[in-house]
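Here are some notes to read with the model open beside you. I have kept the points short, so you can follow each one on screen.

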Amino acid sequence: MVEKNSEEYEGSARWVLACELQRLREESGKSLAQLAEETNYDRTYLHRLETGERFSKLPVMEALDRAYATADS
């Protein structure tokens, strides 16, 4: 598992993605439960993406793009 405050992983692609996913969710004002309902992905899975414990697959990232309206950014 990658802890976002871990200096060992800081700056890695996994760490950057985890930080960005958490930032986007917090900016949107959504809880993990709300995001899970909106994307149809389990709340604990989304949490693991935000902590860097898991990597995401393309369909999940596309669902998150839609949820955060970042697809055209």
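The points below go through helix packing, buried residues and backbone turns in this predicted model.

1. A good place to begin is the pair α2 and α4. Helix α2 covers residues 32-39 and helix α4 covers residues 58-68. Their axes come within 10 Å and cross at roughly 110°. Angles from 65 to 115 degrees count as roughly perpendicular, and α2 and α4 are therefore roughly perpendicular to each other. The crossing of the two helices is right-handed.

2. Which residues of α2 and α4 meet? On the α2 side they are L35, E38 and T39, and on the α4 side A63, L64, A67 and Y68. By character, this contact holds five nonpolar residues, one polar residue and one charged residue.

3. T39 deserves a closer look. It belongs to helix α2 and takes part in the contact with α4. Is T39 buried or exposed? The cut-off for buried is under 20% relative accessible area, so T39, at 8%, counts as buried. Leaving aside residues up to four places away in sequence, T39 touches L46, A63, L64 and A67. L46 is itself one of the buried residues of α3, while A63, L64 and A67 are on the α4 side of the contact with α2. You can also check the spacing of T39 and E62: they are 23 residues apart along the chain, and their C-alpha atoms are separated by 9.4 Å.

4. Next comes helix α3, residues 43-51. Which residues of α3 are buried? They are Y45, L46, L49, E50 and T51. As a group, these buried residues pack against α1 (13-28), α2 and α4. It may help to recall that an α-helix has 3.6 residues a turn, so residues three or four places apart point the same way.

5. E50 is a charged residue worth selecting on screen. It sits in helix α3 and has a relative accessible area of 5%, so it is buried. What does the side chain of E50 join in a polar contact? Its partner is the side chain of R25, and the polar contact spans 2.6 Å.

6. T51 also lies in helix α3. With 13% relative accessibility, T51 counts as buried. The side chain of T51 reaches back to the backbone oxygen of R48, at 3.2 Å. Just after α3, G52 takes a positive phi of about 85°.

7. Two further residues have a positive phi although neither is a glycine. N40 has a value of about 65°, and A69 has a value of about 55°. Where is N40 found? N40 is in the loop between α2 and α3, and with a relative accessible area of 68% it is exposed. A69 lies in the segment after α4, and with a relative accessible area of 63% it is exposed too.

8. To pull the threads together, α2 and α4 cross at roughly 110°, and the buried residues of α3 pack against both of these helices as well as α1. T39 of α2 touches L46 along with A63, L64 and A67. If you revisit one pair of side chains, try E50 and R25, joined by a polar contact of 2.6 Å.

Methods
Residues are numbered from 1 along each chain as its sequence is written. This is a predicted model: local features need pLDDT of at least 70, side-chain atom pairs count only at pLDDT 80 or more; totals for chains, interfaces and linings use all residues. Side-chain values use heavy atoms; hydrogens and water are left out. Axes are lines fitted to C-alpha atoms, for helices over the stretch in contact, and angles run from 0 to 180 degrees between N-to-C directions. Helices (H or I, at least four residues) and strands (E, at least two) are DSSP runs, numbered from the N terminus. Angles under 35 degrees count as roughly parallel, over 145 as roughly antiparallel, 65 to 115 as roughly perpendicular and the rest as oblique. A crossing is left-handed if the near helix is turned anticlockwise from the far one by less than a right angle, and right-handed if clockwise. Contact means heavy atoms within 4.5 Å. Ala, Val, Leu, Ile, Met, Phe, Trp, Tyr, Cys and Pro count as nonpolar, Asp, Glu, Lys and Arg as charged, and the others, Gly among them, as polar. Buried means under 20% relative accessible area, exposed over 50%, partly exposed in between (1.4 Å probe, protein chains only). A polar contact is a pair of N or O atoms within 3.5 Å; within protein, one must be able to donate a hydrogen and the other to accept it, and residues adjacent in sequence count only if both atoms are side-chain atoms.
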